[in-house]
Amino acid sequence: MRIVIDILIFMGVFFAFAGTVGMIRFPDTFNRIHASGMITTMGIIGVIVGGILYCAFYLGDGAMVVKLVIMLVFYLITGPISSHAIMKGSYKHGVKPEKEMVIDQYGEDMVMEEEE
Amino acid sequence: MNKKRTMPGIISTAILCFIFWMIITGQIVAVFTGGASLQSIVIGLIVSILVGWFSSLFLINDSPFYLWMPARLVNLIGYIFITLPVAIFKANVDVAKRALSPHPKINPGIVKIPVDVSSDYGMALVADSITLTPGTVTMDIVEENGQTYYYVHWIDVETTDPAEAGEIIKGTFERKVKGIWG
Amino acid sequence: MIFEELLFFAICFIVMAICLFYRLIKGPSAADRAVTADCLDALTDMALILFALYSGRSVFLDLALITAILGFLGSVITSRYLEGRL
């Protein structure tokens, strides 16, 4: 059981490391949001599922298990909301992408609405 | 947005809030082992009825027992515990490869994809699933001529055709959600 | 049985958070700083969870939950401000 817990938590550490590297290396804001999504999904899932197993098998503390489950559900609900809000807000704010986008249908449709 | 407060909506939202109160304050353990405090339970009941009256417009509005059918419940549990983690893991490995490779291979873009789900909960669930998998983020939802469209920011645009891109991004999610919320 | 590696993993998270300060200081626009603040929040949370498991005290879990809620509110309000609807 100890090996399973270690593997889960190490998976969280690895994906959080990949997210951090992506945050520093990716060229513009929109791509950095994808890297941040990697930290708040797989990092959180790995660490918290490992923590639930540790609490249930080694500490034997029911209240901590309940708190960890609440925290996992909270992160999985609010992570998409905040990344969607930041993406839309920064687009409306006028952040320009560093590298030219392949296709930008949102911008084209917004220009068409303004002309009408 | 001219919804009216209905009695079943208020009651079911209040029950949901009361269950959360019991779990967070730890009273649900104390009820079975003895020693639950009456004061705390009464306060939780009053507060959850107030919150239910206040927020039933946004959470549960009509037909509160829609999910209370075995087929839909089984589909929802399978979706949350099997489909979603597998998709999240695959997308994470893909984006991690891009981040850690010596030359980051990215060509971002915003595509517009059509979606067949019509109810509010279904649309929200599909949009949340798309955003939860790294590499795709939903930016906006619009409705044109009775067809719903999502604008999705995609880190690696493989194709610019709307139907093909939709199949790649949300094909499995949409087929599963259709079994729950139509 | 003592899990020494939990403390080691927590230190890994703290080191990653310190590396992210580079992006927080340099980030060209306000949106970059909002994204980075969100990430810092998640990393600090994971370090707090691991320390709570290591020491066996559940006070740190309450702190982590409060940090998560405040970070979510902060990033949503910042993005509303950037969108121009605050």
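**Notebook: strand S1 of chain B, the shared core, and chain A**

I began with strand S1 of chain B, residues 109-115, and found that 6 of its 7 residues are buried, so by the cut-off of 20 or more other C-beta atoms within 10 Å the strand is mostly covered. I keep in mind throughout that this is a predicted model.

Next I looked up the partner of this strand, and found that S1(B) pairs with strand S3 of chain B, residues 147-154, in the antiparallel sense and over 7 bridges. To fix the register at one point I took B:Pro114, whose bridge partner in S3(B) is B:Tyr149.

I then checked how chain B is divided, and the domain assignment gives domain 1 as 7-55 and domain 2 as 70-181. The centres of these two domains of chain B, taken over C-alpha atoms, are separated by 35 Å.

Turning to the nonpolar residues, I asked myself which residues have the most contacts inside the largest nonpolar core. That core has 86 residues, and the ones with the most contacts inside it include B:Val152, A:Ala16, C:Phe13 and C:Met46. Helix H2 of chain C, residues 30-55, supplies the largest share of this core, with 15 residues.

I followed C:Met46 further and, leaving aside residues up to four places away in sequence, noted that it touches A:Gly12, A:Ala16, A:Gly43, A:Ile44 and A:Val47 from chain A, together with C:Phe13 from chain C.

This led me to the contact between the two chains, which takes 38 residues from chain C and 40 residues from chain A. On the side of chain C that touches chain A, the elements giving two or more residues are helix H1 (4-26), H2 and helix H3 (59-83) of chain C. Of these, H2(C) gives the most, with 13 residues. Sorted by class, this side of chain C has 25 nonpolar, 7 polar and 6 charged residues.

Last, I looked at chain A as a whole, which has 4 helices and 0 strands, so that from the N terminus on I read its elements as α-α-α-α. The radius of gyration of chain A is 19 Å, whereas a compact globule of 116 residues would have one near 13 Å. Along the principal axes, the C-alpha atoms of chain A fill a box of roughly 65 × 30 × 15 Å. I noted also that 48% of the 116 residues of chain A count as buried, and that, among its contacts between residues at least 6 apart in sequence, 63% join residues at least 24 apart.

Terms used:
Residues are numbered from 1 along each chain as its sequence is written. Chains are lettered from A and ligands numbered from 1 in the order in which they are written. This is a predicted model: local features need pLDDT of at least 70, side-chain atom pairs count only at pLDDT 80 or more; totals for chains, interfaces and linings use all residues. A residue is buried if 20 or more other C-beta atoms lie within 10 Å of its own, exposed if 12 or fewer, and partly exposed in between; C-beta atoms are placed from the backbone. Two strands pair if DSSP finds at least two bridges between them. Domain bounds come from an automatic or database domain assignment. A nonpolar core is a set of buried Ala, Val, Leu, Ile, Met, Phe, Trp, Tyr and Cys residues joined through C-beta atoms within 7 Å. Two residues are in contact if their C-beta atoms, placed from the backbone, lie within 7 Å. Ala, Val, Leu, Ile, Met, Phe, Trp, Tyr, Cys and Pro count as nonpolar, Asp, Glu, Lys and Arg as charged, and the others, Gly among them, as polar. The radius of gyration is taken over C-alpha atoms; the globule rule is 2.2 Å times the number of residues to the power 0.38.
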